[in-house]
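Q: Can you walk me through this one? I have the sequence and the coordinates open.

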Amino acid sequence: MGKAAAYIGNFKVGICDAQSQLVIGNSKLLRALGYTVTLIGNDNTLAARQDIRNSRKTIEGFDVYNLSFSKSAKDFLKSRSIHHQIIRILQGLPDLKMVICYGTPSFAPELSFLHSWCRQH
């Protein structure tokens, strides 16, 4: 197995918009450099309590997980739960070398939690 990278952020993989195209393009570059890339994006059409591990798909050869996150106050309060779900995915990646975060201000609390986790691990 090679080294792994995770690309996490407020993007919707599978939709042809600028954000998802940027993420897929960068992921293809990482794959060409020998990384196994896992994408964790946002799909606010999912059920709020759905476990992120149940959303797994393969798109263009990448494992893609989606979580439900929007800009509401309720989602801000559940960001700690989202953090724990993302950490479970990251811990399952063998030889994780890189975590790339791409987001918006509404995703900032989660990125802050991830920054602390990455420094520890």
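A: Sure. This is a predicted model. One place to begin is β1, which is joined to β5 by six bridges, the two strands running parallel.

Q: Which residue in β5 is the bridge partner of Tyr-7?
A: Tyr-7 is paired with Ile-100 there.

Q: How many bridges join β1 to β2?
A: Five, and β1 and β2 run parallel. Within that pairing, Ala-6 stands opposite Thr-38 of β2.

Q: What unit do β1, α1 and β2 make?
A: A right-handed β-α-β unit.

Q: How many residues of β1 are buried?
A: Six of its six. Side chains in a regular strand alternate between the two faces of the sheet. In β1, Ala-4, Ala-6 and Ile-8 are on one side, with Ala-5, Tyr-7 and Gly-9 on the other, and both sides are covered.

Q: Moving to α1. What should its 15 residues span?
A: Helix α1 covers residues 18–32, and at 1.5 Å a residue the expected span is 21 Å. The C-alpha atoms at its ends are 21 Å apart, so the two values agree.

Q: Which residues of α1 are buried?
A: Ser-20, Val-23, Ile-24, Ser-27 and Leu-30. Viewed down the helix axis, the buried residues of α1 fall within an arc of 120 degrees, so they line one face. The general background is that an α-helix has 3.6 residues a turn, so residues three or four places apart point the same way.

Q: What do those buried residues pack against?
A: Four strands: β1 (4–9), β2 (36–42), β4 (62–67) and β5 (96–102).

Q: And which exposed residues sit on the face of α1 turned away from its buried side?
A: Ala-18, Leu-29 and Ala-32.

Q: Back to Ser-27 in α1. Why does it count as buried?
A: Because its relative accessibility is 0%, and the cut-off for buried is under 20%.

Q: What is Ser-27 in contact with, leaving aside neighbours within four places in sequence?
A: Tyr-7, Val-37, Leu-39 and Phe-62.

Q: Which residue just after α1 takes a positive phi?
A: Gly-34, at about 100 degrees.

Q: New topic, the cores. How many residues has the largest nonpolar core?
A: It has 16, and the residues with the most contacts inside it are Ile-8, Ile-40, Ile-52, Leu-67, Ile-86, Leu-90 and Leu-114. At least two residues of this core come from each of β1, β4, α3 (79–91) and α4 (108–120).

Q: Which element gives the most to this core?
A: α3, with five residues.

Q: What does Leu-114 touch, again leaving aside neighbours within four places?
A: Leu-114 is in contact with Ile-8, His-83, Ile-86, Ile-87, Leu-90 and Cys-101. Apart from the largest core lies another, of 13 residues, including Val-13, Leu-30, Val-37 and Phe-62.

Q: Last one, Thr-58. Where does it lie, and is it buried or exposed?
A: Thr-58 lies in strand β3, residues 57–59. Thr-58 is exposed, because its relative accessible area is 54% and the cut-off for exposed is over 50%.

Q: How far apart are Thr-58 and Gly-14, in sequence and in space?
A: They are 44 residues apart in sequence, while their C-alpha atoms are 9.9 Å apart in space.

Terms used. Residues numbered from 1 in each chain as written. Predicted model: local features only at pLDDT ≥ 70, side-chain atom pairs only at ≥ 80, totals over all residues. Heavy atoms only, no water. Expected span 1.5 Å × (residues − 1). Buried < 20%, exposed > 50% of the residue type's maximum accessible area, 1.4 Å probe, protein only. Arc of directions from axis to C-beta. Contact = heavy atoms within 4.5 Å. Pairing = 2+ DSSP bridges. Right-handed = clockwise from strand over helix to strand, strands pointing away. Core = buried A, V, L, I, M, F, W, Y, C linked by side-chain atoms within 4.5 Å.
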